[in-house]
Amino acid sequence: MEQLLNLIDGTLRPATGGGWLDVHAPATGQVYARIPDSDESDVNAAVEAAHRAFPAWNSLGREGRSDVLLKLAQLIEDDLEGFVSDESRDNGKPLSLARRVDIPRAIANFRFFATAILHFPSEAHVMDDVAVNYTDRQPFGVAGCISPWNLPLYLFTWKIAPALAAGNCVVAKPSEITPLTAYRLSTLCDKAGVPPGVLNIIHGLGPKVGAAITAHPRIPAISFTGGTRTGAEIARVAAPMFKKLSLELGGKNPVLVFADCDFDAMLKTTVRSSFTNQGQICLCGSRILVERSIYARFREAFVERVKALRVGDPSQDSSDLGAVVSRDHMEKVLGYVDLAKSEGGTVLCGGHRVELDGALKSGWYIAPTVIEGVGPECRTNQEEIFGPVVTLQPFDDEAQALALANATPYGLASVVWTSDVQRTHRVARALQAGIVWVNCWMVRDLRTPFGGVKQSGVGREGGVEALRFFTEAKNVCIKL
Ligand code: NDP
């Protein structure tokens, strides 16, 4: 049984209280590791260490910090297969996906922000003959970073890399459900030259460790990715303390398919945007809206492709989908299939648990599921399911497509399929979403603003937005 440890002040150690939590492998349903059941006292020790480390880390300067982060990126790359296999085992995702997406993107996060900080400009505003203003952006000290289980290392590094590059020290909590790659990262910090206390990683439960980070008076900024309900709880605690908040929350993303699209490209990508990572990506399209004139053709072709997807052992290249992340999550997702039926929906394919053989018999697998016949106002089309389940709805014209697309409390990502350039601009403008992909999905340039509107979040991550979040702007006005 593997025993993971916290990283506090440069040392790997168990929780102060001595407790442990089990970690399960979704592929088998079996416990394979334990993490420290940390609490407020571990967070306090990490915050003290971070404050002690801050002056020297900040004084290292951009180039010095950049060198350390680039070294960390290189060490992850040198151990690529170790990280890939840990991520797949911990999360249940296909090994091939972790190798193609999760770990390379985690490495890219470090490389991107290690170099972005070298080019991070400060603005100057000259008032003719009166004064000159310049913006001095300084790190604020200690950042709190809390991340979810769906893209464990990818989203963990998406936060800690800009925080560290900007000159802050970090107290971070990975999801208790998928702690393995954050732990593996913590074992590389010393070798990369990360000074003790600069990066602290505390394992444990959200309501204990996450809540202690959120409420800590000496952590002035919280960067959180996770569910909307948790985000609301974090805002409730942090807002009256006037903390900076970046909240990346849930989604119920629409895919708008117009009759004039490139049908084959759309079909191929829509299968991916529906079921990659078992549908457990905040950017997956879960409501597919199809122009009525091609609805029947789409339904037939899409269902045929989805039925051909293979649910199987995450370690096998032949598996398109692996396991969902936990038993609770599997039951939640299947509960939504029952709800859809009770709301008048028809399951066109999937809708059930998949039982594999041998050691995988108790794993948490769900057949990719397509549902039609549920109205836009039904809970199935309003609430985030976050699993391999999509719904189909027809529309008659652009106005109706937009009305359906915008008819949820969420506004994270959306996908539009059309060959009409004018429509592209009109629809992209009118969609209530932080991200619009046109004729593509998941194409990511790390310089672009990333985030959602409505209940999908507050603030933007990525590029200069992240570096601005992790610094305080001070205007200095000098009389001419
Ligand atoms: P949760 O909100 O349950 O958890 C996210 C993190 O917050 C975990 O580390 C969790 O710890 C922690 N946490 C839980 N309760 C508290 C609390 N009271 N105070 C502070 N921290 C707490 O989300 P999931 O892990 O279930 O992730 C799935 C969700 O994340 C989906 O809604 C998805 O849409 C969203 N997401 C959003 C993205 C975006 O960019 N907008 C990207 C990816 C996912 P623990 O694991 O111990 O519960």
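**Close-ups of the ligand site**

**View 1. Which residues come nearest to the ligand?** Of the 32 residues around the ligand in this predicted model, Ser147, Thr230, Leu249, Cys282 and Glu384 come nearest. Sorting the shell by residue character gives 15 nonpolar, twelve polar and five charged residues.

**View 2. Backbone atoms of serine 147, alanine 211 and leucine 249 face polar atoms of the ligand.** Start with leucine 249, where a backbone N or O atom lies 2.7 Å from a nitrogen atom of the ligand. Serine 147 offers a polar backbone atom 2.8 Å from a ligand oxygen. At alanine 211, a polar backbone atom is 3.5 Å from a nitrogen atom of the ligand. As for overall cover, the ligand taken alone exposes 900 Å², and the protein buries 88% of that.

**View 3. The ligand sits in the largest pocket.** Have a look at the elements that each give two or more residues to the shell around the ligand: α8 (206-215), β11 (221-225) and α9 (228-238). Helix α8 provides the largest share of this shell, with five residues.

**View 4. Where does the ligand lie relative to domain 1 and domain 2?** Here it helps to step back from single residues. Domain 1 covers 2-249 + 456-479, and domain 2 covers 253-446. Because both domains give residues to the shell around the ligand, the ligand lies between them.

Definitions and conventions:
Residues numbered from 1 in each chain as written. Predicted model: local features only at pLDDT ≥ 70, side-chain atom pairs only at ≥ 80, totals over all residues. Heavy atoms only, no water. Near = heavy atom within 4 Å. Polar contact = N/O pair within 3.5 Å; in protein donor to acceptor, adjacent residues only side chain to side chain. Areas by Shrake-Rupley, 256 points an atom, 1.4 Å probe, with all protein chains shown as cover. 1 Å grid on protein atoms, 1.4 Å probe; cavity = no way out; pocket = protein on both sides within 12 Å on 5 of 7 lines; lining within 4 Å. Sits in = over half its atoms within 2 Å of the grid points. Helix = DSSP H or I, 4+ residues; strand = E, 2+ residues; numbered from the N terminus. Nonpolar A, V, L, I, M, F, W, Y, C, P; charged D, E, K, R; others polar. Domains from an automatic or database assignment.
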